[in-house]
Amino acid sequence: MKRSTINSIMAEADDLMRKYGFTLPPFAYWTPEEFAARKDIARNVIDARCGWDITDYGAGDYDKMGLFLFTLRNGRLADLQRGGGMCYAEKLLISKQDQLSPMHTHALKAEDIINRGGATLVVELYGSDDHGRFAEDKGGTVLCDGIRTDFSAGQKLKLAPGESVTLMPGDWHAFWGEGGDVLIGEVSTVNDDETDNIFREPIGRFANIEEDVPPTHLLVSDYERWLA
């Protein structure tokens, strides 16, 4: 992805989030230079990988397959493993109309996916085999707004604004916006995007970036290089 495209997506996403009443924390608007100057006091943000995250999954066609994310808060895997401390995370996501977030599951993370505003959020679901692998002939059970809901293999849940689904490890899912763009909330256990995304197809989690212009704001995938 070109950096100029990423900068534009950030601006558009900020407008959409504000439209539905969400304002990002102050560090979201730091320039790269401001972030570098404050990296010592922002160590928790950096280590928890909070911030902007825009991906085309390495496929090079963001509008067809991609996702906007902003991680607002995130705990530590060590806390989750010991069962105490900051064991939770929260994100805002934007799924554009017909923009696929491809089929995947998580080994550790349980998550609530919430339609916070906009069009319909479609969530396609499959179950797992006995080893946690994708099973094209298996359904399962999820919670929709806390209500037990059985699903068949490949069933597409359609979530209107305000509706949600709770996904557990082993619940395979893909999602996209139907009829327009969707602002999505994600409330979960600790988020580890580097190791806990298991995709059905071998694709990348982060975009390859062409630096055609300077970044407006840093992505979480920029932290290691820009803030070293």
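Two residues are in contact when heavy atoms of theirs lie within 4.5 Å. With that in mind, the reader can follow this predicted model from one residue outwards.

Start with Gln99, which sits in the loop between β3 and β4. Leaving aside residues up to four places away in sequence, Gln99 touches Tyr62, Asp63, Lys64, Met65, Gly66, Leu67, Ile94, Phe175, Trp176 and Gly177. Gln99 and Asp63 are 36 residues apart along the chain, yet their C-alpha atoms are separated by 5.7 Å. Is Gln99 buried or exposed? A residue counts as buried when its relative accessible area is under 20%. Gln99 has 0% relative accessibility, so it is buried.

The chain as a whole can be described in the same terms. Contacts between residues 24 or more positions apart make up 74% of those with a separation of 6 or more. Of the 228 residues, 50% are buried. The chain has a radius of gyration of 17 Å, which agrees with the value near 17 Å for a compact globule of 228 residues. The C-alpha trace spans about 50 × 40 × 35 Å along its principal axes. The accessible surface is about 10800 Å², and carbon and sulfur atoms account for 49% of that area. There are 24 positive and 38 negative charges, and the mean positions of the two sets are 2 Å apart.

Five helices and 12 strands are found in the chain. Helix α1 covers residues 3-19 and so has 17 residues; from its first C-alpha to its last it reaches 24 Å, close to the 24 Å expected at 1.5 Å a residue. An α-helix has 3.6 residues a turn, so residues three or four places apart point the same way. The buried residues of α1 are Arg3, Ile6, Asn7, Ile9, Met10, Ala13, Asp14, Leu16 and Met17. What do these buried residues pack against? Their partners are the strands β1 (51-55), β2 (67-74), β3 (88-95) and β11 (172-189), together with the helix α5.

Arg3 also appears among the contacts of Asp222, a residue in the loop between β12 (198-199) and α5 (223-226). Asp222 touches Ile209 and Leu227 as well, not counting residues up to four places away in sequence. With a relative accessible area of 2%, Asp222 is buried.

Strand β5 (residues 111-128) holds Ile113, which counts as buried at 4% relative accessibility. Beyond residues up to four places away in sequence, Ile113 touches Leu121, Leu159, Glu163, Ser164, Val165, Leu167, Ile184, Gly185 and Glu186. Ile113 and Pro215 are 102 residues apart in sequence, and their C-alpha atoms lie 29 Å apart in space.

The last topic is the backbone angle phi. Most residues other than glycine have a negative phi. Which residues have a positive phi although they are not glycine? Arg49 is one of them, with a phi of about 55°, and Asp98 is another, with about 60°. Arg49 belongs to the loop between α3 (43-47) and β1, and it is partly exposed, with a relative accessible area of 24%. Asp98 is in the loop between β3 and β4 (101-105), where Gln99 is also placed. Gly21, just after α1, takes a positive phi of about 90°.

Definitions and conventions. Residues numbered from 1 in each chain as written. Predicted model: local features only at pLDDT ≥ 70, side-chain atom pairs only at ≥ 80, totals over all residues. Heavy atoms only, no water. Helix = DSSP H or I, 4+ residues; strand = E, 2+ residues; numbered from the N terminus. Rg over C-alpha atoms; globule rule 2.2 N^0.38 Å. Buried < 20%, exposed > 50% of the residue type's maximum accessible area, 1.4 Å probe, protein only. Areas by Shrake-Rupley, 256 points an atom, 1.4 Å probe, with all protein chains shown as cover. Lys, Arg positive; Asp, Glu negative; His and termini not counted. Charge placed at Lys NZ, Arg CZ, Asp CG, Glu CD.
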